[in-house]
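Biologist: I should like to take a close look at a single part of this model, namely the sheet and whatever is joined to it. Please describe that part step by step, in a form that a first-year student can follow.

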Amino acid sequence: ELGEDIVLTERLFVPEVTVSVYVDGFHGRYDGKAVVSGEWIIQKAGGSIVVKSFENIVTQEKDGYSSLVKALSDGWAAEAATIASEIKNIAISEIAD
């Protein structure tokens with residue numbers, strides 16, 4: 001007995017935008033730099049696609065694992081801001097059309 005729970009076998013909605021991120025690099029280098037690289041794809045439900053390769057190289061503040069983790073985090077944060085900006089641009093262009 002399910003009570004008042006609802007069981008769905010289909011999606012309730014189709015997303016307006018789908019974002020896929022593919023990671024090629026996520027590591028530190030011998031020279032004190034952290035690398036976050038790959039490609040992201042934004043696809044609108046209507047079919048248009050934005051594809052961007054990225055490579056963020058961030059200098060570690062000091063030696064050590066915690067500094068590497070911070071630098072990798074900063075690299076991801078920068079790319080996340082770029083992706084969010086692109087999604088915002090798509091939304092604005094939809095409103096303008």
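Modeller: The account below begins with the strands and then turns to the side chains that link them to the helix. The model is a predicted one, and every value given here is computed from it.

The sheet is open and consists of 3 strands in the order β1-β2-β3, with antiparallel pairing. Since β1, residues 17-28, and β3, residues 49-59, each have a single partner strand, they stand at the edges, and therefore one side of each has no neighbour in the sheet. On average, and with direction ignored, neighbouring strands of this sheet are turned by 15° against each other.

Let us consider the pairing of β1 with β2 in detail. Strand β2 covers residues 33-44, runs antiparallel to β1 and is joined to β1 by 11 bridges. Two of the bridge partners may serve as landmarks when one views the model. Gly25 has Ser37 of β2 as its bridge partner, and Thr18 is matched with Gln43 of β2. The two strands form a hairpin with 4 residues between them, and in this turn Gly32 has a positive phi of about 85°.

A salt bridge is also found in this region, between Asp31 and Arg29, whose closest N and O atoms are 2.8 Å apart. Asp31 is partly exposed, with a relative accessible area of 37%. Arg29 is likewise partly exposed, at 33%.

The other pairing is that of β2 with β3. These strands run antiparallel and are joined by 11 bridges. Here Val36 has Asn56 of β3 as its bridge partner. The hairpin of β2 and β3 has 4 residues between the strands, and Gly47 takes a positive phi near 115° in this hairpin.

The next matter is how the sheet is linked to the helix. One link is a salt bridge between the side chains of Glu79 and Lys52, with an N to O distance of 3.4 Å. Glu79 belongs to helix α1, residues 65-96, whereas Lys52 belongs to strand β3, and the pair links distant parts of the chain, 27 residues apart. The two partners may be compared with the cut-off for burial, which is a relative accessible area under 20%. Glu79 has a relative accessibility of 2% and therefore counts as buried. Lys52, at 31%, counts as partly exposed.

The structure holds 3 salt bridges. One of them joins the side chains of Asp74 and Lys70, at 3.0 Å from N to O. Both of these residues lie in helix α1, 4 residues apart, which is about one turn of the helix. Asp74 is partly exposed at 32% relative accessibility, and Lys70 is partly exposed with a relative accessible area of 42%.

Aromatic side chains provide a further link between sheet and helix. A pair of aromatic rings is described by the distance of the centres and the angle of the planes. Phe26 and Trp76 form a tilted pair, with 6.2 Å from centre to centre and 40° between the planes. Because Phe26 lies in strand β1 and Trp76 in helix α1, this pair ties together parts that are 50 residues apart in sequence. Phe26 is partly exposed, with a relative accessible area of 45%, and Trp76 is partly exposed at 26% relative accessibility. The count of aromatic pairs comes to 2, and Phe26, Phe54 and Trp76 form one aromatic cluster.

Phe54 deserves particular attention in this account. When residues up to four places away in sequence are not counted, Phe54 touches Tyr22, Val36, Ser37, Gly38, Glu39, Trp40, Trp76 and Glu79. Among these contacts are Trp76, a member of the aromatic cluster, and Glu79, the salt-bridge partner of Lys52.

Phe54 also belongs to the largest nonpolar core, which has 11 residues. The other members are Ala34, Val36, Trp40, Ile42, Val58, Leu68, Ala71, Leu72, Ile83 and Ile90. In this core, β2, β3 and α1 each supply at least two residues. The largest share, 5 residues, comes from α1. In soluble globular proteins, nonpolar side chains tend to be buried together.

To summarise, the pairing order of the sheet is β1-β2-β3. Strand β3 is linked to helix α1 by the salt bridge of Lys52 and Glu79, while strand β1 is tied to the helix by the aromatic pair of Phe26 and Trp76.

Terms used
Residues numbered from 1 in each chain as written. Predicted model: local features only at pLDDT ≥ 70, side-chain atom pairs only at ≥ 80, totals over all residues. Heavy atoms only, no water. Pairing = 2+ DSSP bridges. Axes fitted to C-alpha atoms, helices over the stretch in contact; angles between N-to-C directions. Salt bridge = Lys/Arg side-chain N within 4 Å of Asp/Glu carboxyl O. Buried < 20%, exposed > 50% of the residue type's maximum accessible area, 1.4 Å probe, protein only. Core = buried A, V, L, I, M, F, W, Y, C linked by side-chain atoms within 4.5 Å. Contact = heavy atoms within 4.5 Å. Phe/Tyr/Trp six-rings, centres within 6.5 Å; stacked < 30°, edge-to-face > 60°.
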